[in-house]
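Trainee: I should like to work through this structure step by step. May we begin once it is displayed?

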Amino acid sequence: MRYRFAAVSAAALLCLAGATGMAEAKPTSLYAPSAMVFSIAQGDDAAAATVLRAATLSCMPTAQGTHPDPKAACTALNSTGGTLDRLLAAPDVNRACPMHYAPVTVTADGVWQGGRVSWKHTFSNTCDMSATLNGNAVFAF
């Protein structure tokens, strides 16, 4: 009886050792993950603002998501080199915006080329946002 208990215990330990070895993380792709959620919200505090629109985007291995033009958005993100402040252009000088304060906050959260991203920028109003983003595909949804 004693040998049977020892054999069962040894078998259980071997099963546990094999199961823990299977839990190791293994890469499932040759590409670094890139999956983002973008939002446009009314207000100057991203946590308390009212979300007006949102879109998802995944760029590897192919451009996809709820974003209306994922390929153009992925191209624009690639051009930033990981610095999302580069999405902000000098405002279009030929565009006049009203001077009223109705803040709009844009956010980008997720993983870009394997690194965690949490970015936000607040504009004084939607006209200022449109003029500063100047047709950028990332927030064109």
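Trainee: Which are the buried residues of H3?

Mentor: The model is a predicted one. A residue counts as buried when its relative accessible area is under 20%. In H3, the buried residues are Cys127, Met129, Ala131, Thr132 and Leu133.

Trainee: Against which strands do the buried residues of H3 pack?

Mentor: H3 packs on the sheet, and its direction makes about 125° with that of S4. The partners of its buried residues are S1, S2, S3 and S4.

Trainee: Which residue caps the N-terminal end of H3?

Mentor: One may look for a side chain that reaches a backbone nitrogen of the helix. A side-chain oxygen lies 3.1 Å from the backbone nitrogen of cysteine 127. The residue that supplies this oxygen is asparagine 125.

Trainee: What phi does asparagine 134 take?

Mentor: Asparagine 134 comes just after H3. Its phi is positive, at about 45°.

Trainee: In what order do the strands form the sheet?

Mentor: The chain contains three helices and four strands, and its elements run α-β-β-α-β-β-α from the N terminus on. The four strands form an open sheet with antiparallel pairing. Across that sheet the order is S2-S1-S3-S4.

Trainee: Which strands stand at the edges?

Mentor: An edge strand here has a single partner strand, so one side of it is left without a neighbour in the sheet. The strands in this position are S2 and S4.

Trainee: How many bridges join S1 to S2?

Mentor: S1 and S2 run antiparallel. Within this pair, serine 39 stands opposite alanine 54 in S2. The number of bridges joining S1 to S2 is eight.

Trainee: What angle does the direction of H2 make with that of S2?

Mentor: H2 also packs on the sheet, where it touches S1, S2 and S3. Its direction and that of S2 make an angle of about 85°.

Trainee: Which residues touch the most other members of the largest nonpolar core?

Mentor: In soluble globular proteins, nonpolar side chains tend to be buried together. The largest nonpolar core of this model has 24 residues. Among the elements giving two or more residues to this core are helix H2 (70-79) and helix H3 (126-133). The members that touch the most others are Phe38, Leu84 and Phe139.

Trainee: Which residues does phenylalanine 139 touch?

Mentor: Residues up to four places away in sequence are not counted here. With these left out, phenylalanine 139 touches Phe38, Ser39, Ile40, Leu87, Val106, Thr107, Trp119 and Leu133.

Trainee: Is alanine 137 buried or exposed?

Mentor: Alanine 137 is found in the segment after H3. Leaving aside neighbours within four places in sequence, alanine 137 is in contact with His67, Ala72 and Ala73. Its relative accessible area is 19%, and the limit for a buried residue is under 20%. Alanine 137 is therefore buried.

Trainee: How far is the backbone nitrogen of glutamine 113 from a polar atom of the side chain of serine 34?

Mentor: Serine 34 lies in the loop between helix H1 (2-22) and S1, and counts as buried at 4% relative accessibility. The residues touched by serine 34 include Trp112 and Gln113. From the polar side-chain atom of serine 34 to the backbone nitrogen of glutamine 113, the distance is 2.8 Å.

Note on methods:
Residues numbered from 1 in each chain as written. Predicted model: local features only at pLDDT ≥ 70, side-chain atom pairs only at ≥ 80, totals over all residues. Heavy atoms only, no water. Core = buried A, V, L, I, M, F, W, Y, C linked by side-chain atoms within 4.5 Å. Buried < 20%, exposed > 50% of the residue type's maximum accessible area, 1.4 Å probe, protein only. Contact = heavy atoms within 4.5 Å. Pairing = 2+ DSSP bridges. Axes fitted to C-alpha atoms, helices over the stretch in contact; angles between N-to-C directions. Polar contact = N/O pair within 3.5 Å; in protein donor to acceptor, adjacent residues only side chain to side chain.
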